[in-house]
Amino acid sequence: LRKDFPSAESFRDFLLEKADGGGSLVDQGVANAIDYVSSHERFTSGNTKSVTLILSDMEDTGGDPGSEQKLNQSLAAYGRQNGSVGIYFCGQLGVARWKDRLAQSGIRNYVVESEIVGEPNLPSFE
């Protein structure tokens, strides 16, 4: 990312240019991605470790009332399978909320970062 976007401002400008003003279905999108990974045969066998990396402000503006509960269920299932999660570019006001949500879901290895970091922390697989 640093090669393509030398500054936080250039990355923000890129995201704003590509953004859909109609809303952002973050909860639904993350739940779908985690469910897809969790259902893969290699992951369900217990022999494969998995990490889900998310680059988003994590602000769900889609307004689907059931999507938050679905995401919580998906995260809990992923946590039981020892999945790891890394969230990058999270809005500063959402960092504590997302850290709490991941901890409550049972995911032991997670990272939530709020801005562009040259060498971001990655979730461990231990």
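Modeller: A crossing is left-handed if the near helix is turned anticlockwise from the far one by less than a right angle, and right-handed if the turn is clockwise. Before we go on: this is a predicted model, where local features need pLDDT of at least 70 and side-chain atom pairs count only at pLDDT 80 or more, while totals for chains, interfaces and linings use all residues. Residues are numbered from 1 along each chain as its sequence is written, and side-chain values use heavy atoms, with hydrogens and water left out.

Biologist: Okay, so which hand does the crossing of α2 and α4 have?

Modeller: Left-handed: that's how α2 passes α4. Those labels come from DSSP runs (helices are H or I with at least four residues, strands are E with at least two), numbered from the N terminus.

Biologist: And how do you know how α2 and α4 are oriented to each other?

Modeller: We fit lines to C-alpha atoms, for helices over the stretch in contact, and take the angle between the N-to-C directions, anywhere from 0 to 180 degrees. For α2 and α4 that gives about 30°, with the axes 9 Å apart. Angles under 35 degrees count as roughly parallel, over 145 as roughly antiparallel, 65 to 115 as roughly perpendicular and the rest as oblique. That's why α2 and α4 are called roughly parallel. Contact, meaning heavy atoms within 4.5 Å, involves residues including Val30, Ala31 and Ile34 of α2 and Leu71, Leu75 and Tyr78 of α4.

Biologist: What makes α4 oblique to α5?

Modeller: Their packing angle is about 55°, with the axes 8 Å apart. That value sits in none of the named ranges, so α4 is oblique to α5. The crossing of α4 and α5 is right-handed. Among the residues that meet there are Leu71 and Leu75 in α4, and Trp98 and Leu102 in α5.

Biologist: On to the sheet. Why are β1 and β3 said to stand at the edges?

Modeller: Three strands form an open sheet in the order β1-β2-β3, with parallel pairing. β1 (51-55) and β3 (110-112) each have a single partner strand, so one side of each has no neighbour in the sheet. From one strand to the next, the twist averages 10°.

Biologist: How do you know that β1 is joined to β2?

Modeller: Two strands pair if DSSP finds at least two bridges between them. β1 and β2 (residues 84-88) have five, so they pass that test. Val51 stands opposite Ser84 in β2, and Leu53 has Gly86 as its bridge partner.

Biologist: Which residues lie on the covered face of β1, and which on the uncovered one?

Modeller: Thr52 and Ile54 are on the covered face, while Val51, Leu53 and Leu55 are on the uncovered one. In a regular strand the side chains alternate between the two faces of the sheet.

Biologist: Is Met58 buried or exposed, and how do you know?

Modeller: A residue is buried under 20% relative accessible area, exposed over 50%, and partly exposed in between (1.4 Å probe, protein chains only). Met58 has just 1%, so it is buried. Its place is in the loop between β1 and α4. Ser56 in that loop has 17%, so Ser56 counts as buried too. Ser7, in the segment before α1, has 24%, so it falls in between and is partly exposed.

Biologist: What makes the phi of Met58 stand out?

Modeller: Met58 has a positive phi of about 65° although it isn't a glycine. Most residues other than glycine have a negative phi. Phe89 is another case, at about 75°. It lies in the loop between β2 and α5 and is buried, at 15% relative accessibility.

Biologist: Last one: which residues touch the most other members of the largest nonpolar core?

Modeller: Met58, Ile87 and Trp98, out of 18 residues. A nonpolar core is a set of buried Ala, Val, Leu, Ile, Met, Phe, Trp, Tyr and Cys residues joined through side-chain atoms within 4.5 Å. α2, α4, β2 and α5 each give two or more residues to this core, and α2 gives the most, with four. A second, separate core of five residues includes Phe5, Phe11, Phe89 and Val111. Setting aside neighbours within four places in sequence, Met58 is in contact with Val26, Val30, Ile87, Cys90, Arg97 and Trp98.
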